[in-house]
Amino acid sequence: MSTVRLVDTGDGSHSLRNDALNENYHSWHGAVTESRYVFVEAGVKEAFLLRDRIRVLEVGHGTGLNAALSLGYAREQGLALDYAGLEPFPVPAELLRQINYPSFFTDAEKDAFAALTDASWDQETAWGEQEHFIKIERGVQADFQGLLPAEWMPFDLVFYDAFGPEKQTEMWDKAIWKTCFDLLREGGIFVTYCAKGQVKRDLREAGFTVETLPGPPGKREMIRARKLPQNA
Ligand SMILES: C[S@@+](CC[C@H](N)C(=O)[O-])C[C@H]1O[C@@H](n2cnc3c(N)ncnc32)[C@H](O)[C@@H]1O
């Protein structure tokens, strides 16, 4: 993928912009605000209602913002979270070190972001006493379960944070939802900032129960979907 550059967003936090795709990594209305709202509030907190140790899979690791906020939140709450992120186009660490996220972060989030930035790709890293993370330098296609370490299965939560359906149509193909469904445990949760009707219909077809939630600032809606136990 082509080069990316820093841009400012509405809450003062940076995002990255891919000029070739004409697409930002986060909302213009606020990168850190959006990330906390969609992935931590609607995703991580919800998943911790069911278990006190969760495994998160992110499609589109990008800058590691969602990962740092999630790991930081778990540490602050004394809960355990393991994170695996798929990313075929790693952002250079030199660029990540210029991002102003740390001025919006708690100490735990800062610590997580630094660890994620410094970590090698494709190697499991232990962070603190009970957390682990792995950044996997591979891209998702229809059937991507084989890209994930078998011992990390099943996941409790999927963050689907690909570029938008208008920019990367192939990332919003219904075959991908089937794989997401299969790699979640019963009760598992899928969240995305996207709220397109077609995505909701395709998620339902893959077996998910779909909720439309109010979106973060600047977005009317977002999607949260669940793999409900079969007899629920
Ligand atoms: C909206 S950005 C994600 C932002 C990121 N979650 C963060 O916290 O900074 C989309 C990301 O998806 C990545 N991507 C592109 N093709 C992909 C693929 N086939 N599989 C997984 N990720 C992909 C892009 O390189 C980009 O980093």
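**Figure 1. Y160 of strand β8 and its partner in β9.** In this predicted model, Y160 has T192 as its bridge partner in β9. That pair belongs to a longer match: β8 and strand β9 (residues 184-192) run parallel and are joined by 5 bridges. How does the chain get from β8 to β9? It goes through helix α5 (residues 174-183), making a β-α-β crossover that is right-handed. Try tracing the path yourself, starting at β8 and passing along α5 to reach β9.

**Figure 2. Strand β8 and its pairing with β4.** Take a look at β8 itself, which covers residues 155-160. Is this strand mostly covered or mostly open? It's mostly covered, with 6 of its 6 residues buried. Besides pairing with β9, β8 pairs with strand β4 (residues 53-59), again in the parallel sense, and here there are 4 bridges. Two spots are handy for finding your way: V59 stands opposite Y160 of β8, and L57 stands opposite V158 of β8. So Y160 turns up in two pairings, facing V59 and partnered with T192 in β9. If you wonder what holds such neighbours together, strands of a sheet pair through backbone hydrogen bonds, either parallel or antiparallel.

**Figure 3. Strand β4 and its step across to β5.** β4 is mostly covered too: 5 of its 7 residues are buried. With strand β5 (residues 80-86), β4 runs parallel, and 7 bridges join the two. Pick out L57 again, because its bridge partner in β5 is A84. Which helix does the chain use to cross from β4 to β5? The chain passes through α2, and this β-α-β crossover is right-handed.

**Figure 4. Helices α1 and α2 crossing each other.** Helix α1 takes in residues 31-48 and helix α2 residues 65-77; their axes come within 9 Å and cross at roughly 50°. That angle is why the two helices count as oblique to each other. The crossing of α1 past α2 is right-handed. Which residues make the contact? From α1, they include A31, V32, S35, R36 and F39, along with V40, V44, K45 and F48. On the α2 side you'll find L65, N66, L69, S70, Y73 and A74.

**Figure 5. A small sheet of β1, β2 and β3.** This open sheet has 3 strands in the order β1-β2-β3, with antiparallel pairing. Its edge strands are β1 and β3 (23-24), and each of them pairs on one side only. Between β1 and strand β2 (residues 14-18) there are 5 bridges, in the antiparallel sense.

**Figure 6. A closer look at D8.** D8 sits in strand β1, which covers residues 4-8. Buried or exposed? D8 has 54% relative accessibility, so it counts as exposed, the cut-off being over 50%. Across from D8, in β2, stands H14. H14 is also one of the residues D8 is in contact with, together with S13 and W28, once neighbours within four places in sequence are left aside. One more distance to look for: the C-alpha atoms of D8 and N24 are 10 Å apart, with their places 16 residues apart along the chain.

Note on methods:
Residues numbered from 1 in each chain as written. Predicted model: local features only at pLDDT ≥ 70, side-chain atom pairs only at ≥ 80, totals over all residues. Heavy atoms only, no water. Buried < 20%, exposed > 50% of the residue type's maximum accessible area, 1.4 Å probe, protein only. Pairing = 2+ DSSP bridges. Right-handed = clockwise from strand over helix to strand, strands pointing away. Axes fitted to C-alpha atoms, helices over the stretch in contact; angles between N-to-C directions. Parallel < 35°, antiparallel > 145°, perpendicular 65-115°, else oblique. Left-handed = near helix turned anticlockwise from the far one by under 90°. Contact = heavy atoms within 4.5 Å.
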